[in-house]
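Good morning, and thank you for making time for this presentation. I would ask you to keep the structure in view while I speak.

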Amino acid sequence: MKRLFLLGFALIMTQLSFAQAGTKNFIDQNYIEVNGKAKIEIVPDQIYLNINLSEKDTKNKESVDELEKDMLNTLTKIGLDIEKQVSVVDFTSNFQSYFLKKKDIMKSKSYQVIVHDTKTLANLYRSLEDIGISNINIEKVDHSKIEALKLELKVKAIKSAKAKAKALTAALDQEIGKAIYINESSYSTYQARPQDKRIMIRGVSSLEMSDAAPQIEFEKIKLECQLMVRFELK
């Protein structure tokens, strides 16, 4: 056991010796550290809506099935792909309370609908309002290529850091070498929420005020990235 311990210790010391004689650790190198920033603003192309159909809203004059049929026909007429853009998220009834209070059973059904532009959104509000469906809420907005745009933003931030490093080292009559360390120091996304007044500048509130199609505008999604990069100094 003693011989094995001494052999292991000798191997470790040999590796340390080679490491000291070889390339310097990046901490021991001369380097310049800079921050690179990049920002972009994008118009959302995925608008998530929640539509609730309830027999209570019609005072039980229309069933959920009838409301659903009318809604789906209307959404098809304005150009939505029902299979891709409409899905059921909840289905409930007051069946239990029927036995307790002996009232009529009323059902409700919630749907998630995705539209891709504000023109379609305005048309949807108007068309569903015409058939008596008005319980519509905007859940969130997003962009279909958000991940690709985030990657693009990081590349721009690195290029910004490189340009800054070149400018600073040129003033010292030096040059930068390869990047020896990159750290994504901060990343932020701002997306307007339904409760945020800036999510719509003009729109839903004007539906009953004018026969013209309402103009709906969304706050752009804002992406911002900051990277810290260390470049070797030559």
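**Overall layout**

Read from the N terminus, the elements of the protein follow the order α-β-β-α-α-β-α-β-α-β-α-β-β. In total, there are six helices and seven strands. Please bear in mind that we are looking at a predicted model.

Of the 234 residues in the protein, 33% are buried. Consider next the contacts between residues at least 6 apart in sequence: 79% of these join residues at least 24 apart.

**The cores**

Let me turn to the interior. Which residues have the most contacts inside the largest nonpolar core? They are Leu49, Leu75, Val113 and Leu124, in a core that has 22 residues. Several elements each supply at least two residues of this core, namely strand E2 (46-54), helix H2 (64-77), strand E4 (107-115), helix H5 (118-130) and strand E5. Another core lies apart from this one; it has eleven residues, among them Ile42, Leu149, Leu153 and Leu227.

Leu75 deserves a moment of its own. With neighbours within four places in sequence set aside, Leu75 is in contact with Leu80, Ile82, Val86, Val113, Leu124 and Leu128. Val113 and Leu124 are thus both partners of Leu75, and these two are also among the residues with the most contacts inside the largest core.

**Two helices against each other**

Leu75 also takes part in a helix pair. H2 and H5 pack with their axes 10 Å apart, at an angle of about 145°. Their crossing is right-handed. On the H2 side, the contact is made by Met71, Thr74 and Leu75, and on the H5 side by Leu124, Ser127 and Leu128. What is the make-up of this contact in nonpolar, polar and charged residues? The residues divide into four nonpolar, two polar and no charged.

**Leu53 in strand E2**

I now move to single residues, beginning with Leu53, which lies in strand E2. Leu53 counts as buried because its relative accessibility is 2%, under the 20% limit. Beyond residues up to four places away in sequence, Leu53 touches Val64, Leu67, Glu68, Met71, Lys107, Ser108, Lys109, Tyr111 and Ile133. One of these partners, Leu67, is 14 residues from Leu53 in sequence, and their C-alpha atoms are 6.7 Å apart in space. Another partner of Leu53 is Met71, which we have already met as part of the contact of H2 with H5.

**His143 in a loop**

The next residue, His143, is found in the loop between strand E5 (136-142) and helix H6 (146-170). Is His143 buried or exposed? The relative accessible area of His143 is 15%, so this loop residue is buried. Its side chain reaches the backbone nitrogen of Lys145 at 3.0 Å. Residues up to four places away in sequence not being counted, His143 touches Ile42, Val43, Asp45, Gln46, Leu149 and Ile221. Ile42 and Leu149, both touched by His143, belong to the core of eleven residues.

**Thr169 and Asp173**

Helix H6 brings us to Thr169, which lies within that helix. Thr169 has a relative accessible area of 2% and is therefore buried. The side chain of Thr169 reaches the backbone oxygen of Lys166 at 3.2 Å. Neighbours within four places in sequence aside, Thr169 is in contact with Ile32, Gln174, Glu175, Ile176 and Leu233. Where does Ile32 stand relative to Thr169, in sequence and in space? The two are 137 residues apart in sequence, while their C-alpha atoms are 8.2 Å apart.

Asp173 sits in the loop between H6 and E6. Asp173 is exposed because its relative accessible area is 74%, which is over the 50% limit. Although Asp173 is not a glycine, it has a positive phi of about 55°.

**Ser186 in strand E6**

My last residue is Ser186, in strand E6, which covers residues 176-190. With a relative accessible area of 35%, Ser186 falls between the two limits and is therefore partly exposed. Setting aside neighbours within four places in sequence, Ser186 is in contact with Glu224, Cys225 and Gln226. Ser186 and Gln226 are separated by 40 residues in sequence, yet by 5.2 Å in space, C-alpha to C-alpha.

**Closing view**

To close, I return to two points. The largest nonpolar core has 22 residues, and the other core, of eleven residues, lies apart from it. Thank you for your attention.

Note on methods: Residues are numbered from 1 along each chain as its sequence is written. This is a predicted model: local features need pLDDT of at least 70, side-chain atom pairs count only at pLDDT 80 or more; totals for chains, interfaces and linings use all residues. Side-chain values use heavy atoms; hydrogens and water are left out. Helices (H or I, at least four residues) and strands (E, at least two) are DSSP runs, numbered from the N terminus. Buried means under 20% relative accessible area, exposed over 50%, partly exposed in between (1.4 Å probe, protein chains only). A polar contact is a pair of N or O atoms within 3.5 Å; within protein, one must be able to donate a hydrogen and the other to accept it, and residues adjacent in sequence count only if both atoms are side-chain atoms. Contact means heavy atoms within 4.5 Å. A nonpolar core is a set of buried Ala, Val, Leu, Ile, Met, Phe, Trp, Tyr and Cys residues joined through side-chain atoms within 4.5 Å. Axes are lines fitted to C-alpha atoms, for helices over the stretch in contact, and angles run from 0 to 180 degrees between N-to-C directions. A crossing is left-handed if the near helix is turned anticlockwise from the far one by less than a right angle, and right-handed if clockwise. Ala, Val, Leu, Ile, Met, Phe, Trp, Tyr, Cys and Pro count as nonpolar, Asp, Glu, Lys and Arg as charged, and the others, Gly among them, as polar.
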